[in-house]
There are 2 protein chains.
Amino acid sequence: MAMPNLRVALAQSNPRLGDFRSNSAQILSDVLVAHAQGADLIAFGEMALSGYPIEDLAVRPEFLSHARSALTELALEIMKAGAGDIPVIVGFPNGPIRDSSEPPNSTPSVIAHNSAAVIYRGEVAGTYDKHHLPNYGVFDEYRNFIPGTGHVLVRLRGIDVAILICEDIWRDGGVCDELAEIRPGLVVVVNGSPFEQDKDDVRLPLVSRRAASVGAPFAYLNLVGGQDDLVFDGDSFVVDEFGTLVARAKSFEPDILLCDLELAAHEGRTVERTGTQIIDCGDGGESHTDISVSTTQTPRNELERVWSALVLGLRDYVEKNGFPSVILGLSGGIDSAVCAALAVDAIGPDRVFGVSMPSQWSSEHSRSDADDAAQRLGITLTTQPIAELVNPIETQLELDGIAAENVQARIRGVILMGLSNMHGHLVLTTGNKTEIAVGYSTIYGDSVGGFAPIRDVPKTLVWELAKWRNREAESKGATPPIPENSITKPPSAELRPGQVDQDSLPPYDQLDALLDAYITQRLGRDEVVALGFAPELVDRIVALVDRAEWKRRQGAIGPKISGMAFGRDRRLPVTFHRS
Amino acid sequence: MAMPNLRVALAQSNPRLGDFRSNSAQILSDVLVAHAQGADLIAFGEMALSGYPIEDLAVRPEFLSHARSALTELALEIMKAGAGDIPVIVGFPNGPIRDSSEPPNSTPSVIAHNSAAVIYRGEVAGTYDKHHLPNYGVFDEYRNFIPGTGHVLVRLRGIDVAILICEDIWRDGGVCDELAEIRPGLVVVVNGSPFEQDKDDVRLPLVSRRAASVGAPFAYLNLVGGQDDLVFDGDSFVVDEFGTLVARAKSFEPDILLCDLELAAHEGRTVERTGTQIIDCGDGGESHTDISVSTTQTPRNELERVWSALVLGLRDYVEKNGFPSVILGLSGGIDSAVCAALAVDAIGPDRVFGVSMPSQWSSEHSRSDADDAAQRLGITLTTQPIAELVNPIETQLELDGIAAENVQARIRGVILMGLSNMHGHLVLTTGNKTEIAVGYSTIYGDSVGGFAPIRDVPKTLVWELAKWRNREAESKGATPPIPENSITKPPSAELRPGQVDQDSLPPYDQLDALLDAYITQRLGRDEVVALGFAPELVDRIVALVDRAEWKRRQGAIGPKISGMAFGRDRRLPVTFHRS
């Protein structure tokens, strides 16, 4: 038996959700690049044609027919451009399909498959429908899709290439066991897998295990880019049939990974299960055994990965929604300094506008630290003092205490929104995950904004990221973007004289550890206490977290970087009595 | 064959989510009332022990063990109180149960059944686990529960009583077909079915059809009360084996419906399927064939039903979250007048505070209409003019046009929130569904608040409700609560001189019809045009709706009354390019 060879291209593209024209153009362009580089097979990510996740757009017949038309058109365009002779695997929403199990009289809710099309010679030659639908965490795929059955094998130069989609590899049994029986020569896994801290430690070993159990190389292909609260990190890779890494794409940017593989031919190997469609793609182009184009990117360290995810999430929210610029309050504190640095890394200093909004309680260092941050970043900073705006309100309404403190924060919100409405800036809200967890913010005040860059970053990680970003700059001989003083001084909302956060909250390292146990690990009150936290502290913090749910519901979206972000990852009632 | 008789009690209670102590006390009290009235069997609603829906609380082992303890305790309490001799059916979250199909390395997400326990003689004698899990509309039950299998028959005085839970009856095939095979003498359906306009037209015919196909009477039991955005309307009922209505409970309030039924004995009838547990409850108490206690409430008309749902949703949000009072801006317009009337109907005039916040552009009639509304309702009205608060901001920031208009709305928000922070009022936000759909509101301005009583009520329905409520008052010789002038004058945001809504929006009857097509009926752009709307108008309105998604995400919750409320009923991306 000869050992034929394939050059496989994994194109990790950054689709714009619903923009079939622009996504198709990108796919065509990537196909032509890969074709020119001698690829025999090109694959794109999950729903690369439509963007992902499409949520309830999946139940709009109009959206689905646009997807279908775009796919047909794309197949013709690839043919016309001279690349019709190599199979192209593209994720798309495949419908409408009426589900006979839907409840009578309810709005139809399940009318599509989550699929990957095989385009070949100007036509859609076949589709693989995702078998396993995730319905946990941020995913609602039982809501929006129906599970597929059967298999598609792309038979190319005697080699059978099978297709899986994302969740398919996360389930034991099911479709992976079926592939172990079929014994394809290669498995292409088409993914839309959002970034999470340390998820890389999970994906690669999992795929390696699947490759070894199926006995074939696996090509794991992920999307890249930000879509609302999700950041797809790319980081596509290929493992051989023993599960050993052989090629790896870039993270956090589009890339076309080319990989030469020695694969087993189907003859005497593949077992054809019922429900398997074979797409015969003949002998393909020339063989490429003589050269190797496989590359392996070195993965970045964890802080760099988090920073990159935050930058990409912010950039894509700005660009995909067409904002010319962003504006944010610069208080001199760590959170706003880090958000400003992220914004500059995302869209450049010319499009970032800072506003210093000192009150009568603002310390001199607040203003000078804000100035310092703006200078380091090269962004425009304007000053809008708030005392003259706040005093008439406090007086007219006879407010004092926290009610008066909140007016300061809310007038800052009015200022940022006013400037946004005048000049078209997107307002960034600078709250971190710790304060969002315990409700340590003023709703309609410091929480105003369309995007919250660090909403899933705990305070202790904000500090770590700031230090990492400064070190990174220093190592390249650049100006560290975050004022040292913003990193080292005790955090304060400065809503009254001498106030610091630690007046009303425990030390942040302790608080973040407690929140991690209660929120991310989902431990119960007693289990958190068993970790060694004082029972009174646990009760106090847990009550703060539960009571702040109504504020979180009204908060801006921002990039998920943890295994448990607030929002669709964690769905809890507002009205809830803790027993 | 004798025809034995049962007196069945359906207790539609209003649970507080997570408050096992208070829910158990209510259940015990209802059991004793029904027992004293000679009931042979008592049933409660879906998750009556915990409240419903519990969302991701279902994955907290601590929450589930509290539920289990509460259930065990309740069984003992019923026994101690002398009512242990009759079976009690109670909905509860039944776990934790580890799901073997869960993906490796992901947070466990499915560890409970949605169940109904049968309590008898101080013990939990058995549980029925819901077979069919809804995962559409507002429901995420595939996320939080695992489907049950098997059946439970409560064998009482020779009669087999089967149990179903809510979605079980909405699916053709499946569990209802199994019951047709088993042939129980009675089926008790335990529900948590939220109110929707015209849903009553669906429930009763559906249940009648199931009763006829199973060949047994069905007792349909619903929860009552508000839980965040859902309102359970009660309206429990019983149909005979031909599907004919024989008894009906109250709507929108707790009730215990007693119903005497002549039921077929199991002997020579029931077929015991594998996986069926029979709970033998002996002969029960005395027979009650001599009297009939069945009552049938007359259903209310549709406007009254909607009004009642809004009142109940608002009342329960206030009471279950422990707010002493509510505050809202009274502009003299229809929306705030209707919200104030709802609030007075919900919690009485002493706990409702109105604020008139005239600007330099406010017409004289705005102030007088706000005064009129407050007087009709008997609520306290204070006046907080905004000109002196707004002018310094507009001047300092050099704002004009819409940016300046928004400052007026935002200062009103600052005032309401300031008074809320000082006095503990819940702020009601008065936006209607039409303006929320097209984004015709100022975010952090008129949108501030913890609860939005009419967020799911289109503008045209707001007017209808106002007229209905006034007629209702007149028919009882009471003062119509809503000023006639607020109903008849052209709606205006009054953010500049002479402004009316219709300057920038089409007539509301046309707009609401278009929004119904696009949002509720989920029609595509072309399908909406095909209904006869001008293509340019459709494009304009559809674009407004899509672009306002980010604002809706940050909006307050409020009662769902339609088949498609904004929020978890309709999940769409913010970042989305319309092709």
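## A four-stranded sheet in chain B

Let's start inside chain B, where four strands make an open sheet in the order β18-β17-β16-β19, paired in parallel. The edges belong to β18 (380–383) and β19 (426–427) of chain B, each of which has a single partner strand, so one side of each is left without a neighbour in the sheet. Keep in mind that this is a predicted model.

What joins β16 of chain B to β19(B)? Two bridges do the job, and the two strands run parallel; β16 covers residues 326–329. If you want a spot to look at there, B:Ile327 stands opposite B:Val427 in β19(B).

## How chains A and B meet

Now for the interface. On the chain B side, 90 residues are in contact with 89 residues of chain A. The area buried between the two chains comes to about 7900 Å², and carbon and sulfur atoms give 55% of that. Within chain B, the residues that lose the most area to chain A are B:Arg143, B:Arg522 and B:Thr575, which together account for 9% of what that side buries.

How many salt bridges are counted between chain B and chain A? The count is four. For one to click on, try the side chains of B:Asp140 and A:Arg571, which meet in a salt bridge at 3.4 Å, N to O. Polar contacts across the interface of chain B and chain A add up to 39 residue pairs, both partners at pLDDT 80 or more.

## Who supplies the contact surface

Several helices of chain B give two or more residues to the side that touches chain A, including α2 (61–80), α5 (200–214), α6 (302–320) and α9 (387–397). Also among them are short-numbered stretches such as α3 (141–144) and α17 (549–553). Which element gives the most to this side of chain B? That would be α10(B), with twelve residues.

Sorted by class, the side of chain B that touches chain A has 42 nonpolar residues, 24 polar and 24 charged.

## Symmetry of the pair

How do the two copies relate? Chain B superposes on chain A by a rotation of 180° with 0.0 Å of shift along the axis, and the RMSD is 0.0 Å. That is the relation of a two-fold axis. The same surface serves both copies, as 99% of the contact residues of chain B recur in chain A.

To find the axis on screen, go to B:Gln554: of the residues of chain B, its C-alpha comes closest to the rotation axis, at 2.0 Å.

Technical notes
Residues numbered from 1 in each chain as written. Chains lettered and ligands numbered in written order. Predicted model: local features only at pLDDT ≥ 70, side-chain atom pairs only at ≥ 80, totals over all residues. Heavy atoms only, no water. Contact = heavy atoms within 4.5 Å. Buried area = accessible area lost by both parts, 1.4 Å probe. Polar contact = N/O pair within 3.5 Å; in protein donor to acceptor, adjacent residues only side chain to side chain. Nonpolar A, V, L, I, M, F, W, Y, C, P; charged D, E, K, R; others polar. Least-squares fit on C-alpha atoms with pLDDT ≥ 70 in both. Pairing = 2+ DSSP bridges.
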